[in-house]
Amino acid sequence: EQVRKQRYQLDEEVVRQYLSLDNVCRGMFDLANRLYGVSFRPLSSAPRYHKECTAYQVLDLDGSHVGVLYIDPYPRKSKSGGAWCGNFTEQRYVDGERKAPVLGIVCNFTPPVGDTPALLTFDEAETMFHEFGHALHFLFADVRYRGLTDVEGDFVELPSQIMENWAFEPEIMKMYATHYRTGEVIPDNLIAKIQNASLFNQRF
């Protein structure tokens, strides 16, 4: 990290000011709406297994129900480390009717402190977009026979790679990366530094 900071002149603490968790989620949702026509509506009345979880109903362009997405962002004693996306219930057909999936993105990001929201590093923001790609894969499933949802190992990572590659595109960052205090849109020179630094240690 010290080498990356020195070589690319990128201060991660400065970047984090533009990457609040709320901003990143808004960016993911707006991007999915532009690419695929789906929208995400908060479900305040949905049952939650923990108070820090947030639930969203996912709606198609015509307003039909696609599924439910939970986001569980912060660490706690009963929780494994890392980040992942998993199903609570898979998409399936019952008596000829599609039953929508319920799934969750689970992470271990630093929680808010006082009036400062949860601020992500750019690696964490990329991780969020990555797991969101897996979530879209689950949400868009529409198969009648369960075995057809099992895809080749390489394909499992395709939707996640597609979505994470959008995370630091300048046009997309200007949609969601705003300073959590001032509302300033992230400047072009900082976006350029993030893009350059993202190449660091790629061989490794």
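**Close-ups of a predicted model**

Strand 4 (residues 84–89) runs antiparallel to strand 7, and the two pair over five bridges. Everything shown in these views comes from a predicted model.

**View 1. Strand 7 sits between two pairing partners, strand 3 and strand 4.** On the strand 4 side, look for Asn87, which stands opposite Leu103 of strand 7. On the strand 3 side (residues 65–72), the pairing with strand 7 is parallel, again over five bridges. Val68 has Val102 of strand 7 as its bridge partner there. Strand 7 itself (residues 102–106) is mostly covered, with four of its five residues buried. As a general reminder for reading this view, side chains in a regular strand alternate between the two faces of the sheet.

**View 2. The largest nonpolar core has 46 residues.** Which of its residues touch the most other members? They are Leu19, Phe40, Leu69, Met128 and Phe132. Several elements chip in at least two residues each: helix 3, strand 2 (54–59), strand 3, strand 7, helix 4 (122–139), helix 7 (170–176) and helix 8 (188–197). Helix 4 gives the largest share, eight residues. Apart from this core lies another one, of five residues, including Cys53, Ala55, Val68 and Tyr70. The general background is simple: nonpolar side chains in soluble globular proteins tend to be buried together.

**View 3. Leu69 and the residues it touches.** Leaving out residues up to four places away in sequence, Leu69 touches Phe29 and Phe40, plus Thr54, Ala55, Tyr56 and Val58. The list goes on with Leu103, Gly104 and Ile105, then Phe132 and Ala135. Two of the names here, Phe40 and Phe132, also appear with Leu69 among the core residues that touch the most other members.

**View 4. A nonpolar patch of about 680 Å² on the surface.** The residues to pick out are Leu35, Tyr36, Phe140, Val151, Phe155, Val156, Leu158, Ile162 and Trp166. Helix 3 (21–36), helix 5 (153–156) and helix 6 (158–166) each supply at least two of them. Which helix gives the largest share of the patch? That's helix 6, with three residues. Val156, for its part, is found in helix 5, and its relative accessible area of 31% makes it partly exposed.

**View 5. His130 in helix 4 and its contacts.** Is His130 buried or exposed? Its relative accessibility is 14%, so His130 counts as buried. Setting aside neighbours within four places in sequence, His130 is in contact with Glu157, Ser160, Gln161 and Glu164.

**View 6. Tyr49 in the loop between strand 1 and strand 2.** Strand 1 covers residues 39–42. Tyr49 is partly exposed, with a relative accessible area of 45%. Not counting residues up to four places away in sequence, Tyr49 touches Asp72, Arg76, Phe88 and Val106. If you want a distance to check, take Tyr49 and Asp72: these residues are 23 apart along the chain, and their C-alpha atoms are separated by 9.5 Å.

**View 7. Asp95 has a positive phi of about 50°.** Asp95 is not a glycine, yet it has that positive phi. Where is Asp95 found? The place to look is the loop between strand 5 (92–94) and strand 6 (97–99). With a relative accessible area of 82%, Asp95 is exposed.

Key:
Residues are numbered from 1 along each chain as its sequence is written. This is a predicted model: local features need pLDDT of at least 70, side-chain atom pairs count only at pLDDT 80 or more; totals for chains, interfaces and linings use all residues. Side-chain values use heavy atoms; hydrogens and water are left out. Patches are made of residues with over 30% relative accessible area and no salt bridge: like charges are joined within 9 Å, nonpolar side chains (Val, Leu, Ile, Met, Phe, Trp, Tyr) within 5 Å. Accessible areas come from the Shrake-Rupley method with a 1.4 Å probe; for residues, only the protein chains shown count as cover. A salt bridge is a side-chain nitrogen of Lys or Arg within 4 Å of a carboxyl oxygen of Asp or Glu. Buried means under 20% relative accessible area, exposed over 50%, partly exposed in between (1.4 Å probe, protein chains only). Two strands pair if DSSP finds at least two bridges between them. A nonpolar core is a set of buried Ala, Val, Leu, Ile, Met, Phe, Trp, Tyr and Cys residues joined through side-chain atoms within 4.5 Å. Contact means heavy atoms within 4.5 Å.
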